[in-house]
Amino acid sequence: MSKTKTWVSAARLRTLPLSISGIIVGTACAFPFYAHHPNFYLIFFFAILTTLLFQILSNFANDYGDGVKGTDNENRLGPQRALQSGLLTKEELKKGIIFTAGLSLVSALILIYLAFGSAHFFTSLFFFVLGISCVAAAIKYTVGQSAYGYRGLGDLFVFIFFGLVSVIGCFYLYGQSIDLWVILPAVAVGNLSIAVLNINNMRDLDADKVVGKNTLAVKLGRQKAKRYHYFIILFALAAFIVYALHSEKAWWNYAFILAYIPLIKHLFFVQNNTEPRELDSQMKVVALSTFFVSVLFSLALIL
């Protein structure tokens, strides 16, 4: 495999549609109020770019952290990682992390300037600190002795950054205000993002337990992790529906339910699953379904 293909593989492209779902939803919620913002579409572009860079950074850091700790080994059920397989060295991956972190902060600075200009210093400072927090969270998931992904806190951080920060933070960029109703789609996207992580953790539950990676799935055990999975996906659906009821009651406001059909089928798959390896295929189902739910939900708000 060429170096270019190796880096593309390490970036885990299948995770990228999920990462921008919150930006799409946050932008759609802001559209009826702030579409007149002179930088509206530039803010949207750089919000997408910054989020993609954060996600790629997280993927590189996850590859590095799990590889160094020995979590990615021959017992792992998912696809081989770059460091685990020897396609990238520790030094190469570390340089990739530093380079991507720098790019993401540059993109975040441009985004902050487009949203707030030079007149809102403290707001700009807050969002810059938030950007640094995103970088730190992406790296500390598996890297270092205090990696929070090894202490069962991965779900909480995914909910905060993929849900609340992504949707509500994006909404705030356009108009420097917060609509409390936007918390509902933020919670929905956050829950569906957790569902992708939980599928990954249920797949790797036995291997993670052996190496001391105490994910929430490991702490709950397989059956409770399944029940937790049902709850977060169905609660997300309820949150989306309540927000749709709050907005105009045209029938197309509920078109996103169509994209929920694969998720309902997925829940039956998880319920009947006895072979953890088979859960690997379900990560793509949940990630892409989340993306399409977000797109349909957003199109209804915009159109």
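## Charges

In counting charges here, Lys and Arg are taken as positive and Asp and Glu as negative, while His and the chain ends are left out. On that basis, the protein, which is shown as a predicted model, carries 24 positive and 15 negative charges, and the mean positions of these two groups are 1 Å apart.

## Overall build

The secondary structure consists of 14 helices, with zero strands, and reading along the sequence one therefore meets the pattern α-α-α-α-α-α-α-α-α-α-α-α-α-α. The radius of gyration is 19 Å, close to the 19 Å that the globule rule gives for 303 residues, so the protein is as compact as a globular protein of that length. Measured out along its principal axes, the C-alpha trace spans about 55 × 45 × 35 Å.## Surface and interior

The accessible surface of the protein comes to about 13900 Å², and carbon and sulfur atoms account for 70% of that area. Turning to the inside, buried residues make up 54% of the 303 residues. Among contacts between residues at least 6 apart in sequence, 76% join residues that are at least 24 apart.

## The nonpolar core

The largest nonpolar core of the protein contains 90 residues, and those with the most contacts inside this core are Cys29, Ile233, Phe240, Tyr260 and Phe297.

Which residues does cysteine 29 touch, once its neighbours within four places in sequence are left aside? Cysteine 29 is in contact with Phe171, Val182, Pro185, Tyr243, Phe297 and Leu301, and one of these partners, Phe297, is itself listed among the residues with the most contacts inside the largest nonpolar core.

How values were computed: Residues numbered from 1 in each chain as written. Predicted model: local features only at pLDDT ≥ 70, side-chain atom pairs only at ≥ 80, totals over all residues. Heavy atoms only, no water. Helix = DSSP H or I, 4+ residues; strand = E, 2+ residues; numbered from the N terminus. Rg over C-alpha atoms; globule rule 2.2 N^0.38 Å. Buried < 20%, exposed > 50% of the residue type's maximum accessible area, 1.4 Å probe, protein only. Contact = heavy atoms within 4.5 Å. Areas by Shrake-Rupley, 256 points an atom, 1.4 Å probe, with all protein chains shown as cover. Charge placed at Lys NZ, Arg CZ, Asp CG, Glu CD. Core = buried A, V, L, I, M, F, W, Y, C linked by side-chain atoms within 4.5 Å.
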